[in-house]
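Student: I have a chain to look over before I go back to the bench. Can we go through its structure step by step?

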Amino acid sequence: MLKDFRASPLGEKDKALLTLVEQVNRDPAKIRQADIDAAKSAGWCDEALYDAIMVCALFRFMNTWVDATGVDGLPAEAYAVRGTRLAKQGYRPGRAE
């Protein structure tokens with residue numbers, strides 16, 4: 001799936017969303033109503049499309065900012081610790097299990 005989502009066993013609904021997200025990432029100025037309509041006809045609602053576009057755009061912004069400023073990522077060990085914590089408690093600090 002990571003190499004080619006179109007050839008993956010994902011359902012057509014998910015492939016339609018990833019096609020739109022790919023467009024947002026590559027050339028958002030070329031997105032047209034037909035692109036949105038294709039994702040909607042696959043079963044995605046306006047809110048889900050808005051969320052997907054927003055998340056993609058924010059990651060694109062952050063990646064551009066990191067690349068331009070030279071900010072380094074965390075060491076692999078720090079990502080592992082944070083991943084374990086997120087898996088247990090989610091994003092809200094202090095959330096009780």
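Student: How many helices and how many strands are there in the chain?
Tutor: Bear in mind that this is a predicted model. From the N terminus on, the elements run α-α-α-α. The count is therefore four helices and zero strands.

Student: Is the chain compact or spread out, and what is its radius of gyration?
Tutor: The C-alpha atoms fill a box of roughly 40 × 40 × 25 Å along the principal axes. For 97 residues the globule rule gives 13 Å, and the chain is well over that, so it is more spread out than a compact globule. Its radius of gyration is 17 Å.

Student: What share of the residues counts as buried?
Tutor: Buried means under 20% relative accessible area. The chain has 97 residues, and the share of them that passes this cut-off is 15%.

Student: Which residues make up the largest nonpolar core?
Tutor: Nonpolar side chains tend to be buried together in soluble globular proteins. Here the largest such core has seven residues. They are Leu-17, Leu-20, Ile-36, Ala-39, Trp-44, Leu-49 and Ala-52.

Student: Which helices each supply at least two residues of this core?
Tutor: Leu-17 and Leu-20 belong to the core, and α1 spans 12-26. Ile-36 and Ala-39 belong to it too, and α2 spans 33-41. Leu-49 and Ala-52 are also members, and the helix spanning 46-69 is α3. The helices asked for are α1, α2 and α3.

Student: Which residues is Leu-20 in contact with, leaving aside neighbours within four places in sequence?
Tutor: Leu-20 is itself in the largest nonpolar core. Its contacts include the core members Ile-36, Ala-39 and Leu-49. The full list is Ile-31, Asp-35, Ile-36, Ala-39, Leu-49 and Ile-53.

Student: Which residue lies over the face of Trp-44?
Tutor: A search of the whole structure finds zero aromatic pairs, so another ring is not the partner of Trp-44 under the 6.5 Å limit on centres. A charge sits over a ring if it is within 6 Å of the ring centre, among other conditions. At 4.6 Å from the ring centre of Trp-44 lies Lys-13.

Student: Why is Cys-45 in zero disulfides, and how far is the closest cysteine sulfur?
Tutor: A disulfide needs the two sulfur atoms within 2.5 Å. The closest cysteine sulfur to that of Cys-45 is in Cys-56, too far for a bond. The structure therefore holds zero disulfides. The distance is 17 Å.

Student: Is Cys-56 buried or exposed?
Tutor: Cys-45, at 44% relative accessibility, counts as partly exposed. Cys-56 has a relative accessible area of 11%. The cut-off is under 20%, so Cys-56 is buried.

Methods: Residues are numbered from 1 along each chain as its sequence is written. This is a predicted model: local features need pLDDT of at least 70, side-chain atom pairs count only at pLDDT 80 or more; totals for chains, interfaces and linings use all residues. Side-chain values use heavy atoms; hydrogens and water are left out. Rings of Phe, Tyr and Trp (its six-membered ring) pair if their centres lie within 6.5 Å; planes under 30 degrees apart count as stacked, over 60 as edge-to-face and the rest as tilted. A charge sits over a ring if NZ of Lys or CZ of Arg is within 6 Å of the ring centre and within 35 degrees of the ring normal. A nonpolar core is a set of buried Ala, Val, Leu, Ile, Met, Phe, Trp, Tyr and Cys residues joined through side-chain atoms within 4.5 Å. Buried means under 20% relative accessible area, exposed over 50%, partly exposed in between (1.4 Å probe, protein chains only). Contact means heavy atoms within 4.5 Å. The radius of gyration is taken over C-alpha atoms; the globule rule is 2.2 Å times the number of residues to the power 0.38.
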